[in-house]
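Please look at the nonpolar core of the protein shown below, and at two buried residues in its loops.

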Amino acid sequence: MADVLTVVAKLRAAKGKGEALAALLAEQAAAVRKAEPGCLVYRVHRSTRDADLFLFYETYADDAAFELHRKAPHLAAYRERREQERLTEGPAEVEVFRSFTE
C-alpha cells in the first residue's frame, strides 16, 4: 500500500516500572485495535536486551486515520494514566514515515 503512514516510537519505562508499563501498553494496543479501523497495525515490542525499552510500530491507512488516533479519547486516557503513575522516563521518541512503494 502506497501512501500509508507508519509511526515508529520508542519509550523507556521508569526504573522499576517496566511490568506496569507493559501492562498498560497491552491495554492501549487492545483499545486501538478495537476502536480504530483505520489503524492497520499497532504492535508494541519490548527490547530483548533492555526490558525497560519499548518500541511501537503503527501503520495507518491514511492521514485521517492517524489524526483520529491522535485525537482518540483512549489515547488521552492512556497518556494521563502513564503520567499519573510515572511509568516512563523521559519523552517518547517518535518518527512518522510515509510509504511511497507498494
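The sections below take up the core, then a residue in contact with one of its members, and then a buried charged residue.

## The nonpolar core

In this predicted model, the largest nonpolar core comprises 21 residues, of which Leu11, Leu21, Leu25, Tyr42, Phe56, Tyr60 and Tyr78 touch the most other members. Two or more residues each are given to this core by strand 1 (5–12), strand 2 (39–46) and strand 3 (53–60), as well as by helix 1 (18–35), helix 2 (63–70) and helix 3 (73–84). Helix 1 supplies the largest share, five residues.

Once its neighbours within four places in sequence are set aside, Leu11 is in contact with Leu21, Leu25, Leu53, Phe54, Phe56, Tyr78 and Ala92, and also with Asp52, Arg82 and Thr88.

## Thr88

Thr88 lies in the loop between helix 3 and strand 4 (93–98). Because buried means under 20% relative accessible area, Thr88 counts as buried at 18%. Not counting residues up to four places away in sequence, Thr88 touches Leu11, Arg12, Ala13, Ala14 and Leu21, together with Arg82 and Glu83.

## Glu36

Which side chain of opposite charge is nearest to the buried Glu36, and how far away is it? Glu36, located in the loop between helix 1 and strand 2, has no salt bridge, and the nearest such side chain is that of Arg79, 10 Å away.

The side chain of Glu36 does, however, make a polar contact of 3.0 Å with the side chain of His69. Leaving aside neighbours within four places in sequence, Glu36 is in contact with His69, Tyr60, Ala72 and His74.

Key. Residues numbered from 1 in each chain as written. Predicted model: local features only at pLDDT ≥ 70, side-chain atom pairs only at ≥ 80, totals over all residues. Heavy atoms only, no water. Core = buried A, V, L, I, M, F, W, Y, C linked by side-chain atoms within 4.5 Å. Buried < 20%, exposed > 50% of the residue type's maximum accessible area, 1.4 Å probe, protein only. Helix = DSSP H or I, 4+ residues; strand = E, 2+ residues; numbered from the N terminus. Contact = heavy atoms within 4.5 Å. Lys, Arg positive; Asp, Glu negative; His and termini not counted. Salt bridge = Lys/Arg side-chain N within 4 Å of Asp/Glu carboxyl O. Polar contact = N/O pair within 3.5 Å; in protein donor to acceptor, adjacent residues only side chain to side chain.
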